[in-house]
Amino acid sequence: MPSRRHRYLTPFIDYLALIYAYIRTLLSIPLRTQQRIAFGKTTTTSTPKAQSSPNSTKRTALQYYKGKTVVLDLDETLVHSVQLSGGKLQTVHAAIQRKQIEVQSNKQSILYLVYKRPHADFFLKTISQWYKVVIFTASMAEYADPVIDWLDQDDSMVSQRYFRQSCVPKGGNYLKDISLAEPDLSKVCLVDNSPVAYELYQENGIPIPTWLNAPNDESLLDLLPLLDALRFTSDVRSILKLRKLTS
Ligand SMILES: [Mg+2]
């Protein structure tokens, strides 16, 4: 059982780490501004300064990586997909990256048009320097695998993938057991647009607004200060549970 002093001191130290990391993030705002401009012009995502050379990337990762894992949902968090079945397609802004994916399921071929959430490339590139990145989706592997291949084209950012068969079914929903990705719950968080997904471990959940096709969405950028801070904490739950005190 932790001592009384330890029990009160740990959240306090974590809170100081949060403030410190948040200030660091504010000081690095030019990187984020650069990314926004790049997206507006639909140019290739600019590379963060920390990635300017293989050696500096290695140093940064070694300096800050604390063995933590971030688990990401797929649909309506990183992408949005529509089934192409001959119906009329909605008009989606030209700046949104998209890809057609053909899925073979039950001897049938289904064609999907997959839209990538704004700033998804920059988000994945950035957090994969901070965390082990895992994608955990309630979708079937036949569909999700090629989508993840598209998001992580050189297979360098996403370490593990979990699909529907790894979810816990409950009342028509699919709960995600993130302890599969990291058994130590002090070191793992789940970013998901569906709160029911983190019902098993609510203190580890990080909500994100559902994305369908809004071209100016910045929700992934908005998460970066929090994720930057969480990697410095000894227990991510000590920060994430503070939301309950303020809601
Ligand atoms: Mg989702």
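This report walks through a three-stranded sheet and two helices in a predicted model.

Residue numbers start from 1 along each chain as its sequence is written. Because the model is predicted, local features need pLDDT of at least 70 and side-chain atom pairs count only at pLDDT 80 or more, while totals for chains, interfaces and linings use all residues.

**The sheet**

Let's begin with the strands (DSSP runs of E, at least two residues; helices are runs of H or I, at least four residues; both are numbered from the N terminus). An open sheet is built from 3 strands in the order 2-4-3, with antiparallel pairing. Strand 2 (79-83) and strand 3 are at the edges with a single partner strand each, so one side of each has no neighbour in the sheet. On average, neighbouring strands are turned by 30° against each other, direction ignored. Two strands pair if DSSP finds at least two bridges between them.

| Strand pair | Bridges | Example partners |
|---|---|---|
| Strand 3 and strand 4 | 8 bridges | Glutamine 104 and serine 109 |
| Strand 2 and strand 4 | 5 bridges | Histidine 80 and tyrosine 115 |

Strands 3 and 4 also make a hairpin with 2 residues between them, and asparagine 106 in that turn has a positive phi of about 50°.

**The helices**

Helix 5 (residues 141-151) lies across strands 2, 3 and 4, at about 150° to strand 3. Such angles run from 0 to 180 degrees between N-to-C directions, with axes as lines fitted to C-alpha atoms, for helices over the stretch in contact (C-beta atoms, placed from the backbone, within 7 Å).

In helix 6 (residues 219-230), 12 residues reach 17 Å from first C-alpha to last, close to the 16 Å expected at 1.5 Å a residue (1.5 Å times one less than the number of residues).
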